[in-house]
Amino acid sequence: MTMPQHHPDDTLLIEYANGSLDEAKALLVATHLALCPPCRDAVAAGEAAAAALAFDDDAAADVGPVPDVAALPVESPPTVPKGATGVPEPLRRYLGRPVPELGWVPVLAGMKEYPLREFEGRGSVRLLAIEPGRRMPRHTHEGLELTLVLQGSFSDASGAYVRGDVATADASVDHQPQAGGGELCLCLAVEDAPLRLTGLTGAVLNAAAAVRKLVSR
Ligand SMILES: [Zn+2]
């Protein structure tokens, strides 16, 4: 099993371990943990420290429910069937059905998304399916964007990301990810705020979104 090379940053792992991470990011981190033994160990150590603190000090007892990492199943080496994917828990439970049977929405040529409705009003949580070799529009972010690769790969100026890897981008990052060749790229993307598209395609799409907003008033 190849280990992920790109991990959620330490702050996210600590917040996950002490139970203070919001549900959307916790879902992404927990799904990464299913694919990343080193991060599981780090979080388990953090949970033990948080538990010890709570035991020592009643004031620390309100840290909230601590996710039980030991209960997460360890994924065996990925044997990804064609056209489907090995989606690990806990994400699989949130989806409730096989990936090909989800209500995919085309957003751009070569790119579809499946928004997880239970997160509506709490940022954006969606699966993205990008055809091999396809470029996404250039964009930046108003908040934090975390992208976990579940199948295939993508790359941008910051590096190449494969199954299990987490890419982190914020307002300082203006990028144009491109899916790797050979296999459909499937990702879980969690954003605090909508993407702000840049570049020419971006300008057109932003204008279209603004018009839609006006029309729907
Ligand atoms: Zn990791």
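A residue is called buried here if 20 or more other C-beta atoms lie within 10 Å of its own, exposed if 12 or fewer, and partly exposed in between. With that in hand, here is a friendly tour of a predicted model. The protein has five helices and 11 strands, and 27% of its 217 residues are buried. Among contacts with a separation of 6 or more, 68% link residues that are 24 or more positions apart.

**Helix H1 and what follows**

- Helix H1 covers residues 10–17, and its buried residues are Leu12, Leu13, Tyr16 and Ala17.
- These four sit on the same side of H1, because they cover an arc of only 135° around the axis.
- Turn to the face of H1 that points away from this buried side, and you will find the exposed residues Asp10 and Thr11.
- After H1 comes Gly19, which has a positive phi, near 80°.

**Helix H2**

- Helix H2 spans residues 23–33 and is mostly covered, with eight of its 11 residues buried.
- The buried residues of H2 are Ala24, Leu27, Leu28, Val29, Ala30, Thr31, His32 and Leu33.

**The loop between H3 and H4**

- Helix H3 takes up residues 37–56 and helix H4 residues 91–95, and Val87 is placed in the loop between them.
- Is Val87 buried or exposed? Val87 counts as buried because 22 C-beta neighbours lie inside 10 Å, and the cut-off for that label is 20 or more.
- If you set aside neighbours within four places in sequence, Val87 is in contact with Arg92, Leu95, Val99 and Leu150.
- Val87 and Leu186 are 99 residues apart along the chain, and their C-alpha atoms are separated by 9.7 Å.
- Pro90 also belongs to the loop between H3 and H4, and the peptide bond that joins Glu89 and Pro90 is cis, with omega about 5°.

**The six-stranded sheet**

- Six strands make an open sheet in the order S1-S2-S3-S10-S5-S8, and their pairing is antiparallel.
- At the edges of this sheet are S1 and strand S8 (166–169), each of which pairs on one side only.
- From one strand to the next, the twist averages 30°.
- As background for viewing any sheet, side chains in a regular strand alternate between its two faces.

Walking across part of this sheet, pair by pair:

- Strand S1 (residues 105–108) and strand S2 (residues 111–115) run antiparallel and are joined by three bridges. In this pair, Pro106 of S1 stands opposite Lys112 in S2.
- S1 and S2 form a hairpin with two residues between them. Gly110, in the turn of that hairpin, has a positive phi of about 80°.
- S2 also runs antiparallel to strand S3 (residues 124–130), with five bridges joining the two. Here Pro115 is found opposite Arg126 in S3.
- What joins S3 to strand S10? Seven bridges do, and S3 and S10 (residues 185–191) run antiparallel. Across this pair, Leu128 stands opposite Cys187 in S10.

**The three-stranded sheet**

- A separate listing of strands gives an open sheet of three, ordered S7-S6-S9, with antiparallel pairing.
- Its edge strands are strand S7 (159–162) and strand S9 (178–179), and each of them pairs on one side only.
- Strand S6 (residues 153–156) is joined to S7 by four bridges, and the two run antiparallel.
- Which residue of S7 is the bridge partner of Phe154? That partner is Tyr161.

**The loop between S3 and S4**

- Arg138 lies in the loop between S3 and strand S4 (139–141).
- Arg138 counts as partly exposed, because it has 16 C-beta neighbours inside 10 Å. That count falls between the cut-offs of 12 or fewer for exposed and 20 or more for buried.
- The C-alpha atoms of Arg138 and Gln176 are 4.3 Å apart in space, while the two residues are 38 apart in sequence.

Key: Residues numbered from 1 in each chain as written. Predicted model: local features only at pLDDT ≥ 70, side-chain atom pairs only at ≥ 80, totals over all residues. Pairing = 2+ DSSP bridges. Contact = placed C-beta atoms within 7 Å. Arc of directions from axis to C-beta. Axes fitted to C-alpha atoms, helices over the stretch in contact; angles between N-to-C directions.
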